[in-house]
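Morning, everyone. Please bring up the sequence and the structure, and I will go through some salt bridges and some strands.

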Amino acid sequence: MGKHQAGSRGVGTVLRGLVLVLAVGLVAGAGWYVLRGKPTGADGAACPTTLHVVAAASISNVVSAAGRTLRAGDDCILVDTVSADGRSGAAQLSQTPVDVWIPDDTAWTAIAPPQFLAEKGNLNAYSVIASSPIYMVTDPATGDRIKAAGDSWLALANLLNNRASGVRLVVRNPALNGDGMVAAGAVGEAVWIERGMDASSLALANMLPVTRTVNHDLSAAPNAAGEVGLIPEYALLSTLRLAQADRRYIVGADHTALLRYTWLPTAAAVKNAKRAAALKRLYSAFTSQEGSRALAAAGLRGPDNIRPIYDGANALPEPTAKPFDVLAPHHVQHIFATWDPEDRRSNLLIIVDLATGGSSPTPGNSSSPGGKQAPVDVVKQGCRQLADLMPIGSRLGLWEVAPGQPGYRKIVPTDRLDDATRATFGTSVKSLAAHRAGPGLLDAIVAGYQSVRDDWHDDMFNQVFILTDDQNKDSANAAAVNAMVQKLTALKDPNKPVTISVVVLNKKDAADALKASLKPMDAYVDNATSSDDVQAAFIHVVAGGLHE
């Protein structure tokens, strides 16, 4: 495990029953409304405390209902609720006074300003107050294919990655709400658990072209044969009485994809005794009779994880598999980068070290059908694909280790990426070649690291990405490697972090040796044994860098 397009089409008449219309007045993922009132205590005075809450749209009515239980007596509390989903919810923490944030999944904390949130355990911080599993919803024939392939999230991922399968995905925009982020993440996580980080990055990239992304307040309902919509239980429960009989609901036999509505008090509220006391009362109100009733009305499971009673709910299988872990920050970033080019913005230098006579990566699913590709051709393909994925405004450079002094040459000096420089980069990649094995790699890494550090940009990832076949056996030269690490350590600037990622072709021992040596630099080092491994590394590095 690591540490860290598609336009929407109209929903067909036959599937209108599956469409979820969210509360009136919300704008997709970023809309907000404020519930205000002027409750008074027994003497008619205004309530002494007002709590400011930012909550996901799908739980906002529950927050309001819980808040109404606190609006009586001399110590009454007014709960002022702002509804905001996804990235806009996290942004509210720094834009308005907030006492507690209740997003629709814990993973959103990955993008929250860390100084705003209380530490875990303070005032029940990070407690899950509601949940909702996510289902695969599709037609009977496609449902049978998923079941035959394993009845799992991994089965869905495999079908989506096989273009010939005809299976397509429907998902809400992952940046706008947890419905989309956790759903898309489930497909990637299933592959990550089974085959590792690089395979997961490739799987997400491959599935995007066969995905229809819903960018408005409708659920991700399928509207054609072969489409699989990923829809949370709370959205399905409100429409099951109208649902068509020819629907299949699959929850996943390998894992359960689960929205976790999380209680996140702010650091400022925790430090204020008056507000802290009020937050304790609001937290308890969610388990009151009124709070529990409101959760059920919203179609959400409470802390007891019991499904609310709805007509037709027996059409949904009860989840039994262990839930996926909460998405780690790097996993969240990779999901965003898959959907939004702006999340791929990087200041990236690629260093290639390939020698004549190097072994070719074993062909993978994406390699040419004619047999093995030469390593340099695999790398050229990856370089071109990476340049196409990076948005305008990024910075990109390409060096290669070559005979002579200083042992490397700058094929493309790092420059701002636009249409012209992208075309120049693609043309220049053709000059990449395998050379006679010789020294130069370690010096190139030091020089490349210093170059990126000196050209550091705070609005993008700053990275050095190295691909080597280690034909010169640099990894075995402990003294030279240690000297390189000492130089890199001296160049480190905590205010200008630069990520180092190294992919070694077909040499696990060399990768292991470099990994151990580069540990002080927190570098990522791995062994690639197939062309798919190399392609996935290129895709993943542009999605925010490779990480352990």
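To begin: what do the side chains of Lys-147 and Asp-151 meet in? They meet in a salt bridge, with 3.4 Å from N to O. Please keep in mind that this is a predicted model.

Is this pair buried or exposed? The cut-offs matter here, because buried means under 20% relative accessible area and exposed means over 50%, with partly exposed in between. Lys-147 has a relative accessible area of 42%, so this residue is partly exposed. Asp-151, at 23%, is partly exposed as well.

Across the whole structure, the search finds 15 salt bridges. In general terms, side chains of opposite charge can pair when their charged atoms come close. I will take two more of these pairs and one network.

The next pair is Arg-275 with Asp-99, whose side chains form a salt bridge at 2.7 Å, N to O. Where do the two residues sit? Arg-275 belongs to helix α9, residues 273-285. Asp-99 is in the loop between α2 (86-95) and β4 (100-102). The pair therefore ties together parts that lie 176 residues apart in sequence. Both Arg-275 and Asp-99 are buried.

Then there is Arg-395 with Asp-455, again a salt bridge between side chains, at 2.7 Å from N to O. Arg-395 lies in strand β12, and Asp-455 in the loop between α14 (441-454) and β14 (461-468), so this contact links parts that are 60 residues apart in sequence. As for accessibility, Arg-395 counts as buried because its value of 16% falls under the 20% cut-off. Asp-455 has a relative accessible area of 22% and is partly exposed.

Which residues are joined into one network by salt bridges that share partners? They are Glu-233, Arg-301, Arg-307 and Glu-318.

Now to the strands. As a reminder, strands of a sheet pair through backbone hydrogen bonds, either parallel or antiparallel.

Arg-395 has already brought us to β12, and that strand is part of an open sheet of 6 strands. In what order do the strands of that sheet come? The order is β13-β12-β11-β14-β15-β16, and the pairing is mixed. Why is one side of β13 and of β16 left without a neighbour in the sheet? Because β13 (408-416) and β16 (524-528) stand at the edges, and each has a single partner strand. On average, neighbouring strands of this sheet are turned by 15° against each other, with direction ignored.

For the edge strand β13, the partner to look at is β12, residues 395-401. The two run antiparallel and are joined by 6 bridges. Within this pair, Leu-398 stands opposite Val-412 in β13.

The last element is strand β5, residues 127-138. How many of its 12 residues are buried? The count is 10, so β5 is mostly covered, taking buried as under 20% relative accessible area.

Let me go through the partners of β5 one by one. With β10 (residues 258-265), β5 runs antiparallel through 6 bridges. Here Ser-131 has Arg-260 as its bridge partner. With β8 (residues 227-232), the pairing is antiparallel and has 4 bridges. Tyr-135 is matched there with Ile-231. With β9 (residues 248-250), there are 3 bridges, also antiparallel. In that pairing, Val-137 stands opposite Tyr-249.

That is where I will stop, and I can take questions.

Terms used
Residues are numbered from 1 along each chain as its sequence is written. This is a predicted model: local features need pLDDT of at least 70, side-chain atom pairs count only at pLDDT 80 or more; totals for chains, interfaces and linings use all residues. Side-chain values use heavy atoms; hydrogens and water are left out. Two strands pair if DSSP finds at least two bridges between them. Axes are lines fitted to C-alpha atoms, for helices over the stretch in contact, and angles run from 0 to 180 degrees between N-to-C directions. A salt bridge is a side-chain nitrogen of Lys or Arg within 4 Å of a carboxyl oxygen of Asp or Glu. Buried means under 20% relative accessible area, exposed over 50%, partly exposed in between (1.4 Å probe, protein chains only).
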